[in-house]
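Reader: I have a structure in front of me and do not know how to read it. Could we go through it feature by feature?

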Amino acid sequence: MDRYARWNALLEMLTDNGRVSVEAAAERLDVSQATIRRDFDQLAQQQMITRTRGGAVANGVSYDLPLRYKTAKHSAEKQRIGAAAAALVTPGTVVGLNGGTTSTEVARALAVRPDLNTSAEGAQLTVVTNALNIANELLVRSRMKVVVAGGVVRPKSFELVGPLGGALLREVTLDVALLGVDAIDPQLGAAAHHEGEAAMNNLMVARAKRVVIIADSSKLGGHAFARICPVERVETLVTDSGAAPEIVDAFRAAGVQVICA
């Protein structure tokens, strides 16, 4: 059982019982107590549960992790990318964030940063997103201002697409757009498989002062159906340490700052 499957099982146990001990969880999932303690600590760090002496209690938030995140590929790499991308965000700014597994890790990393959750005037972070799961991640864990673009929901990505959301995006200005993509190439630029998602992402790019692409190394040098933006519009690429040196050099030669998390 991988970590995401364990986490989902632990959260379901907490939903049913309200409280779970380390010993009971370890026996139920057939893993060591040390593994359960680490899982509880990580879930508590993400503000999904509250740690107690010898176990954990429910936080009263929604625990049903979407299916695509239970079996997400390259999950460790995406967590590192999420943390590195979130570190680029400063208090009081307006951030655009699209959907996807990597963007979800960015949202989780943003949500647990105390300096971004203050309600002081001018310091509150504003996140503009077209993804329902991203909005939920932020709403249940933070006090950020969350703005959701309208549109038609795509079940596979939880993203809202179409002209309704485009109308809102055309009226806002983003300090930085943090965008997950299906592919990014030093010559072809960033792209998505679905034209509706690409169109929404392109609008975020058009309204952003800075564009940061977040993509694990499996997406570098690839191509997808619909272009989001040319590589010249990308300021920074945040990827993982598994990226091939030659592709990293190609992006840097194209003028893109590359961060390998």
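Author: Start with the terms: helices and strands are runs assigned by DSSP, with at least four residues for a helix and at least two for a strand, and they are numbered from the N terminus. Keep in mind that this is a predicted model. The chain has 10 helices and 15 strands.

Reader: How does the radius of gyration of the chain stand against the globule rule?

Author: The radius of gyration is 19 Å and the globule rule gives 18 Å for 261 residues, so the chain is as compact as a globular protein of that length. Along the principal axes, the C-alpha atoms fill a box of roughly 55 × 40 × 30 Å. Residues under 20% relative accessible area are called buried, and 51% of the 261 residues count as such. The chain exposes about 11700 Å², with carbon and sulfur atoms supplying 51% of that area.

Reader: Which share of the contacts in the chain with a separation of 6 or more comes from residues 24 or more positions apart?

Author: Such pairs account for 67% of those contacts.

Reader: Now the sheets. What holds the strands of a sheet together, in general?

Author: Strands pair through backbone hydrogen bonds, and the pairing is either parallel or antiparallel. This chain offers an example of each kind. An open sheet of three strands, in the order S1-S3-S2, has antiparallel pairing. S1 (19–21) and S2 (49–52) are at the edges with a single partner strand each, so one side of each has no neighbour in the sheet. On average, neighbouring strands here are turned by 25° against each other, direction ignored.

Reader: How many bridges join S2 to S3, and how many join S1 to S3?

Author: Four bridges join S2 to S3, which covers residues 55–58, and three join S1 to S3. Look at single residues to see the pairing. Ile 49 has Ala 58 in S3 as its bridge partner. Gly 55 in S3 stands opposite Thr 52, and Ser 21 also stands opposite Gly 55.

Reader: Which helices lie against this sheet?

Author: Helix H1, residues 3–17, lies across S1, S2 and S3 and runs at about 125° to S1. Helix H3, residues 33–45, packs on the sheet and touches S1, S2 and S3. The direction of H3 makes about 130° with that of S2.

Reader: What is the strand order in the sheet with parallel pairing?

Author: Seven strands form that open sheet, in the order S6-S5-S4-S9-S12-S14-S15. Its edge strands are S6 (145–148) and S15, each pairing on one side only. From one strand to the next, the twist averages 20°. At one end of the order, S5 (residues 126–129) pairs with S6 over four bridges in the parallel sense, and the partner of Val 127 in S6 is Val 146.

Reader: How does the chain get from S14 to S15?

Author: S14 (residues 236–239) and S15 (residues 257–260) pair in the parallel sense over four bridges, with Leu 237 opposite Val 258 in S15. The chain crosses from S14 to S15 through helix H10, residues 245–253, in a right-handed β-α-β crossover. Another helix, H5 (residues 75–86), lies across S9, S12, S14 and S15, at about 145° to S14.

Reader: What sign does phi have in most residues other than glycine?

Author: Most residues other than glycine have a negative phi. Asp 30 is not a glycine, yet its phi is positive, about 60°. Asp 30 is in the loop between helix H2 (22–29) and H3, and is exposed, with a relative accessible area of 69%. Phe 158 also has a positive phi, of about 65°. Phe 158 lies in the loop between S7 (152–154) and S8 (159–161) and is partly exposed, at 24% relative accessible area. As for glycine, Gly 54 has a positive phi near 85° in the hairpin of S2 and S3, where two residues separate the strands.

Reader: Is Leu 188 buried or exposed?

Author: Leu 188 is exposed, because its relative accessible area of 52% is over the 50% limit. Leu 188 is in the loop between S10 (183–185) and S11 (189–192). Leaving out residues up to four places away in sequence, Leu 188 touches His 223, Arg 227 and Cys 229.

Key
Residues are numbered from 1 along each chain as its sequence is written. This is a predicted model: local features need pLDDT of at least 70, side-chain atom pairs count only at pLDDT 80 or more; totals for chains, interfaces and linings use all residues. Side-chain values use heavy atoms; hydrogens and water are left out. Two strands pair if DSSP finds at least two bridges between them. Axes are lines fitted to C-alpha atoms, for helices over the stretch in contact, and angles run from 0 to 180 degrees between N-to-C directions. Contact means heavy atoms within 4.5 Å. Buried means under 20% relative accessible area, exposed over 50%, partly exposed in between (1.4 Å probe, protein chains only). A crossover is right-handed if, with the strands pointing away from the viewer, the path from the first strand over the helix to the second runs clockwise. The radius of gyration is taken over C-alpha atoms; the globule rule is 2.2 Å times the number of residues to the power 0.38. Accessible areas come from the Shrake-Rupley method with a 1.4 Å probe; for residues, only the protein chains shown count as cover.
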